[in-house]
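Reader: Could you walk me through this one, starting from a single residue and working outwards? I'd like the reasoning along with the answers.

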Amino acid sequence: MAFDASPPADCQACARLARFREANRAAYPQWRNAPVESFGERDARLLVVGLAPGLRGANRTGRPFTGDYAGDLLYATLLDCGFARGAYQRRADDGLRLCDCAIVNVVRCVPPENKPTPAEIAACRPYLAGALGALPRLQAILALGRIAHDSVLRALGLRPARFAFAHGARHDFEGVGIVMFDSYHCSRYNTNTGVLTVPMFRAVVAAVSAHLATKPTRG
Ligand code: SF4
């Protein structure tokens with residue numbers, strides 16, 4: 001399932017998140033409550049980068065974006081745009097396959113209230129850099145939210161000040177051979193408040209698909 005090197009299950013780099021994992025293990029022993037691995041294959045050309053596992057989503061099921069509203073919207077859109085195959089059923093063993101696509105979070109452990117600190121984002125960045133380096137055919141990144149956008153830039157050694165986050169923006173990284181597309185995060189909060197609509201999100205994923213269609217396919 002994972003296409004890159006995963007953090008140790010008992011990673012202690014973020015003391016606050018490690019304590020939160022332990023508390024959740026005690027409260028919900030049947031949940032994963034550990035760093036959530038990446039999802040996808042090493043030959044993917046698209047990497048979707050999210051923020052962090054949701055408490056009752058990926059932290060429960062063990063697969064990125066699986067089990068909560070954000071996953072409902074993300075996987076429905078990936079299926080619609082040809083980046084996934086099968087049926088998404090809100091569980092890690094539903095048999096859903098990603099096509100030319102992989103998914104990872106900036107922060108691998110669930111943060112309280114979905115809010116990782118800057119220090120936690122920085123502590124987990126080596127794993128994000130590892131994910132980026134583990135995809136030899138990577139050509140496009142879909143950054144879900146400003147934190148994902150900034151952390152990808154830092155992981156690639158690029159200055160965030162050079163590339164402003166904006167929903168629907170496209171950033172060409174000269175010399176890197178990768179294009180990054182920005183979207184507001186597909187969270188329930190953003191859709192409930194009207195920051196992001198389903199058509200807005202689909203339009204960005206469709207733009208990614210159109211971009212990759214202009215590139216050589218996998219050999
Ligand atoms: S968020 Fe990343 S660096 Fe921090 S404890 Fe979890 S796996 Fe380790």
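Author: Sure, and keep in mind that this is a predicted model. Let's start with A155: leaving out residues up to four places away in sequence, it touches R125, L128, A129 and L132.

Reader: Which helix does A155 lie in?

Author: Its contacts R125, L128, A129 and L132 fall within the residue range of helix 4 (118-133). A155 itself belongs to another element, and the range 146-155 takes it in. That element is helix 5.

Reader: Is A155 buried, partly exposed or exposed?

Author: The relative accessible area of A155 is 21%. Buried would need a value under 20%, and exposed one over 50%. So A155 counts as partly exposed.

Reader: How far apart in space are A155 and A131?

Author: A131 isn't among the contacts listed for A155, which are R125, L128, A129 and L132. In sequence, A155 and A131 are 24 residues apart. C-alpha to C-alpha, the distance is 9.8 Å.

Reader: Let's go to the largest nonpolar core. Which helix gives the most to this core?

Author: The core has 30 residues, and L47, V49 and I141 touch the most other members. Strands 2, 5, 6 and 8 each supply at least two residues, and so do helices 4 and 5. With four residues, the top contributor is helix 4.

Reader: Which residues does L47 touch, not counting those up to four places away in sequence?

Author: L47 sits within the range of strand 2 (46-50), and it is one of the residues that touch the most other core members. Its contacts beyond four places in sequence include F3 and L135. The rest of the list is A102, I103, V104, L132, L138, A140, I141 and L142.

Reader: How many residues are in the other core?

Author: This one lies apart from the core around L47. Among its members are Y88, L96, V179 and L212. Its residue count is 29.

Reader: On to the backbone: what is the phi of N33?

Author: Most residues other than glycine have a negative phi. N33 goes the other way; it lies in the loop between helix 1 and strand 1 (39-40), and it is buried, with a relative accessible area of 0%. Its phi is near 50°.

Reader: And R90, is it buried or partly exposed?

Author: R90 also has a positive phi, about 60°, although it is not a glycine. You'll find it in the loop between strand 3 (84-85) and strand 4 (97-98). At 37% relative accessibility, R90 is partly exposed.

Reader: How far apart are the C-alpha atoms of A23 and D68?

Author: A23 is in helix 1 (residues 15-27), where it is partly exposed at 43% relative accessibility. Along the chain, A23 and D68 are 45 residues apart. Their C-alpha atoms are separated by 20 Å.

Reader: Now the whole chain: what is its radius of gyration?

Author: The chain holds seven helices and eight strands. For 219 residues the globule rule gives 17 Å, and the value here is close to that, so the chain is as compact as a globular protein of that length. The radius of gyration is 16 Å.

Reader: What share of the contacts with a separation of 6 or more comes from residues 24 or more positions apart?

Author: For context, 52% of the 219 residues count as buried. As for the contacts with a separation of 6 or more, residues 24 or more positions apart account for 67%.

Note on methods:
Residues are numbered from 1 along each chain as its sequence is written. This is a predicted model: local features need pLDDT of at least 70, side-chain atom pairs count only at pLDDT 80 or more; totals for chains, interfaces and linings use all residues. Side-chain values use heavy atoms; hydrogens and water are left out. The radius of gyration is taken over C-alpha atoms; the globule rule is 2.2 Å times the number of residues to the power 0.38. Buried means under 20% relative accessible area, exposed over 50%, partly exposed in between (1.4 Å probe, protein chains only). Contact means heavy atoms within 4.5 Å. A nonpolar core is a set of buried Ala, Val, Leu, Ile, Met, Phe, Trp, Tyr and Cys residues joined through side-chain atoms within 4.5 Å.
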